[in-house]
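Visitor: Hello! I am new to reading structures, and I would like to walk through one with you.
Guide: Happy to help. Let us bring it up and start.

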Amino acid sequence: MKQSRKKIAGVIVVLLLSVCFYVGGKQFFKHQKSIDEVKHIKIGVSIYDEYDTYIAELMQEVSSLAKKKEMEEKIAITVDVQSAGGSQITQNDQIESFVDKNYNVVCVGLVDRTDASGVIDKAKSADIPIIFFNRELVNEDLERWDKIYYVGADAVQSGVMQGEIILEACKKNFESIDKNKDGILQYVIIEGEPGHQDALVRTEYSVKTVVNAGYTLQKLGNEIANWNKAQAITKMTSLLEKYGEEIEVVISNNDEMALGALEAIKNSNIESYPLVVGVDGVQGGLESVKKKEMIGTVYNDYRGQAKAIVEMAFALSLQQDFPEELNLIENKSIYLPYQKITYDNVQEYIRMLN
Ligand code: BGC
């Protein structure tokens, strides 16, 4: 009896020691590279389209933060930004060329957010971590490898905030917003790309927020303008031809399309302008809020997102842990909070973002 107890104890000790060695070994082999060892960090970035204003502002910020980081850390950092021109096949090829060039990290704004597998397979085969941004990949893809990350924002929050901006305006001045005095808000929606998380969700939650606060809304029409100002001008022009003065509120999934809608309104012969609300806080959007043409916008924190991308890419290149202040969810994703911008606080944003 005593003998077998001793044996069991022996086996347990051996097992415990093996576990300790395994865990310790893993830690030991997670070797953090020193700056001297790496010398030059190369980050490959593939964006879905070079004509997207919001993405252009985000990329400018990524490049300037990388320059700053280079000076601070005294290590060369190259950020190679390529546009996929709206083709997932081109984007997959770009990732392949980043892999061939031995880049340390790739950052990807997917063309088709439901089709991440080409990008993942290529980077994974070379063990190069991927930071996806802005165009949220589906959860199964995010979970496919432990070196896949996502930087973005919570689409629901942006829709709710758009709704709140409309609500605040209604509380102050419903009489003049409700042009035909029927007690109902007649609205149109200008939508971003179909299938993009921000288009679907902003549309839903902006309207829901106003309805839940007790107002009655009537949708006159909705048009897809793919985040693009020129398309929004065309689409809004046709909505104005159909509904003209009846339109009391224009909800746009982003600022560029809101600016397009405004241009169409200015070119039309309607006398009393509807409320126009956007999302992003790009330069044109801020200017328009300042001129009281747009009632408000929702800041899509491109500065915070750019910072997260650069800090994460830097840490991954040196195989370091991420800085704690980034506050990643499950060490994988980060969602920067949106912020409401109206005439009352727009100057702060103009100052901050210039
Ligand atoms: C922005 C849009 C942008 C789109 C691109 C959205 O989050 O609000 O302005 O066009 O992302 O994916």
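Visitor: Which residues surround the ligand?
Guide: This is a predicted model, so the answer describes that prediction. Residues count here if a heavy atom lies within 4 Å of the ligand. Those surrounding the ligand are Tyr48, Asp52, Tyr54, Asn134, Arg135, His196, Asp198, Arg202, Trp227, Asn254, Asp280 and Asn300.

Visitor: How many residues of the shell around the ligand are charged?
Guide: Let us sort the shell by class. Three of its residues are nonpolar and four are polar. The charged residues in the shell number five.

Visitor: How far is a polar side-chain atom of Asp52 from an oxygen atom of the ligand?
Guide: Polar contacts are pairs of N or O atoms within 3.5 Å. Arg202 has a polar side-chain atom 2.9 Å from a ligand oxygen, and for an N or O atom in the Asn134 side chain the distance is 2.5 Å. For Asp52, the distance is 2.4 Å.

Visitor: How much of the ligand's accessible area does the protein cover?
Guide: Start with the ligand on its own, which has 310 Å² of accessible area. The share of this that the protein covers is 99%.

Visitor: In which cavity does the ligand sit?
Guide: The structure holds three cavities of 30 Å³ or more. About 110 Å³ of space lies in the largest, and among its 13 lining residues, Asp52, Tyr54, Asn134, His196 and Trp227 are the closest to its centre. The ligand sits in the largest cavity.

Visitor: Between which domains does the ligand lie?
Guide: Look at which domains give residues to the shell around the ligand. Both do, so the ligand lies between domain 1 (25-153 + 302-322) and domain 2 (156-299 + 343-353).

Methods: Residues numbered from 1 in each chain as written. Predicted model: local features only at pLDDT ≥ 70, side-chain atom pairs only at ≥ 80, totals over all residues. Heavy atoms only, no water. Polar contact = N/O pair within 3.5 Å; in protein donor to acceptor, adjacent residues only side chain to side chain. Areas by Shrake-Rupley, 256 points an atom, 1.4 Å probe, with all protein chains shown as cover. 1 Å grid on protein atoms, 1.4 Å probe; cavity = no way out; pocket = protein on both sides within 12 Å on 5 of 7 lines; lining within 4 Å. Sits in = over half its atoms within 2 Å of the grid points. Nonpolar A, V, L, I, M, F, W, Y, C, P; charged D, E, K, R; others polar. Domains from an automatic or database assignment. Points joined across faces, edges and corners; volume = space filled by probe spheres on them.
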